[in-house]
Amino acid sequence: MNTTKSKKSGEEGRDKAMGNGIWMANDLDRLLETILDSGARMMRARASSLLFLDRKTGRLNFQVATGAKKEEIKQFSIRLGEGIAGHVASTGEPLLIADVSRDQRWYRHISDQIGFKTRSIACVPLKVGSRVIGVVEFINKGENGKFQESDLELINVFAELAAIAIENARKFKLVELENQDLKQDLHLSHEIVGKSDAIRQVVSEALQVADSMASTLVLGESGTGKELLARLIHQASPRKDRPLVALNCAALPETLLETELFGHEKGAFTGATGTKIGKFELADEGTIFLDEIAEMSPSMQAKLLRVLQDGIFYRLGGNTPIAVDIRVIAATNRQITKEVESGKFREDLYYRLNVVELHMPPLRERKSDIPLLAAHFVEWFRKEKGYFSLEISDAAIEKMTDYDWPGNVRELQNALERAVVMGRGGKIEPEDLPMFASRGPAAEDIDVGMTLEEAMHAFKKKFIRMNLKQTGGNQTRAAKSMGIQRTYLSRLISRYGIKKDRKDR
């Protein structure tokens, strides 16, 4: 028989049998240990354990334990049906074993490994409703005493207390996730707005793919609303009641990206003081949205491909397989086929992600939506920021419709927000919009004789300085105003040698 060691720290864990994502926080682990400790004292048991069943891997993992070997035993897991605990989890029926050495179901490997002499065991299933999610066991009553049938009734009480604590934790987590989703749904800026043929087509395609399990690749320029399309697919899918977890792959260096995706165990690296649940685990039975997927390094692409192929991964520093059931939606603003041709993006991963490909159109290809989008954002400013008398002049609408919006919808939203904050009244005029505002000699640093590339660099440098000055050196706000990523702005600042004053942050 094969018993797998695991690095489960007990600080956080998950019951996969429920299919509801039960998350074990430190406080819950302490509560369960208190329940077990009280039970062990009342039963005069030398040790006790609570094991959770992961039905996807078919293993029982030690979550909390009491007794002299409580830390050592957490390093193990057993198969469903293996040993006394495995048999109870498999059948859902309690067992009272007066002498384990006389019972053929007894599996002594763990006791031998940790140096603990097991004589008798009382084990009952841990249930939520009619579903077995684990077991509770008490070991060795007194010095030489044996557990009695009357003890099972008391042990069942402790199992029920543990189940209530777990169920309450599950409900709390689900409410927390629902509140997050509700906030996103109520935020008007999370809606796809438009009636143009281009937007109608992509929305129709998204709704078609929503009912399937197909991995989806969303292509489009920055600021077009690729994440909104991913949210639409998730909300229209059978997984809508489960979490949608989003991660921007370009926002983190490789080492942080790995722990964000897969999580880590306590002690996996310097500073890993506890167990961290990764995005894949959080998204189990739901959807994961991987934005800027083309920014992943080759090594991370290989690790992602393995997870998508096998549905199993390991936390950083751990050796317990974690099985997940997720739907993947990825997005990029790059020309992904060229990235594949150049060898920068794995071809096998591309085909794994690109079962269905959707194209989010740039704003310049759906200009008829600009008045609707502008009205949408103004309505949001009215409700969220209290600008109840705010409106947009016809001249501003005309100017906005003629403009090409290289930063797409994100640039439009940021331009309107800046116009609201910096404007001079309740009506947005063309001069209130940053791209039409009179800023003085904008091309003063551009001279005849420059190459086009040199002129572009000169403009970018001046444009960045102007935005940093406008935001008091705050790079996050400047990036938002410019419609670009904060990390990209930092790279441009370094590239052009733009000095940061004391207000930069």
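Which residues have the most contacts inside the largest nonpolar core? Keep that in mind while you set up the view.

**Set-up**

This is a predicted model: local features need pLDDT of at least 70, side-chain atom pairs count only at pLDDT 80 or more, and totals for chains, interfaces and linings use all residues. Residues are numbered from 1 along each chain as its sequence is written, and side-chain values use heavy atoms, leaving out hydrogens and water.

**Whole chain**

Show the cartoon. The chain has 18 helices and 19 strands. Both are DSSP runs, numbered from the N terminus: helices are H or I with at least four residues, strands are E with at least two.

Colour by accessibility. Of the 505 residues, 50% count as buried. Buried means under 20% relative accessible area, exposed over 50%, and partly exposed in between (1.4 Å probe, protein chains only). The chain exposes about 24600 Å², and carbon and sulfur atoms supply 49% of that area. Areas come from the Shrake-Rupley method with a 1.4 Å probe; for residues, only the protein chains shown count as cover.

Now contacts, meaning heavy atoms within 4.5 Å. Among those between residues at least 6 apart in sequence, 69% join residues at least 24 apart.

**Stop 1: the largest core**

Select Leu 261, Phe 280, Leu 290 and Ile 293. These have the most contacts inside the largest nonpolar core, which has 32 residues. Such a core is a set of buried Ala, Val, Leu, Ile, Met, Phe, Trp, Tyr and Cys residues joined through side-chain atoms within 4.5 Å. Elements giving two or more residues to the core include strand 9 (216-219), helix 8 (254-262) and strand 16 (327-332). Helix 10 gives the most, with 5 residues.

Zoom on Leu 261. Beyond four places away in sequence, its contacts include Leu 247, Phe 280, Leu 290 and Met 300. Another core, of 25 residues, lies apart from this one; Ala 122, Val 124, Ala 165 and Ile 166 are among its residues.

**Stop 2: strands 10 and 13**

Select 244-248. This is strand 10, and 4 of its 5 residues are buried. Add 287-291, strand 13: the two strands run parallel and are joined by 5 bridges. Pairing requires at least two DSSP bridges between strands. Asn 248 has Asp 291 as its bridge partner.

**Stop 3: Asp 369**

Asp 369 sits in the loop between strand 17 (356-359) and helix 13 (370-385). Is it buried or exposed? Asp 369 counts as buried because its relative accessibility is 1%. Show its neighbours: Asp 369 touches Gly 194, Lys 195, Ser 196 and Ile 199, leaving aside residues up to four places away in sequence. Draw a distance from the Asp 369 side chain to the backbone nitrogen of Lys 195: a polar atom of that side chain lies 2.8 Å away.

**Stop 4: His 264**

His 264 lies in strand 11 (residues 263-264). With a relative accessible area of 9%, His 264 is buried. Its side chain reaches the backbone oxygen of Gly 274 at 3.4 Å. Other residues touched by His 264 include Phe 269, Arg 315 and Leu 316. Add Gly 318: it is 54 residues from His 264 in sequence, yet 7.1 Å away in space, C-alpha to C-alpha.

**Last stop: cysteines**

How many disulfides does the whole structure contain? The search finds 0, a disulfide being a pair of cysteine sulfur atoms within 2.5 Å. Select Cys 123, buried at 0% relative accessibility. Finish on Cys 249, buried at 3%.

Key. A polar contact is a pair of N or O atoms within 3.5 Å; within protein, one must be able to donate a hydrogen and the other to accept it, and residues adjacent in sequence count only if both atoms are side-chain atoms.
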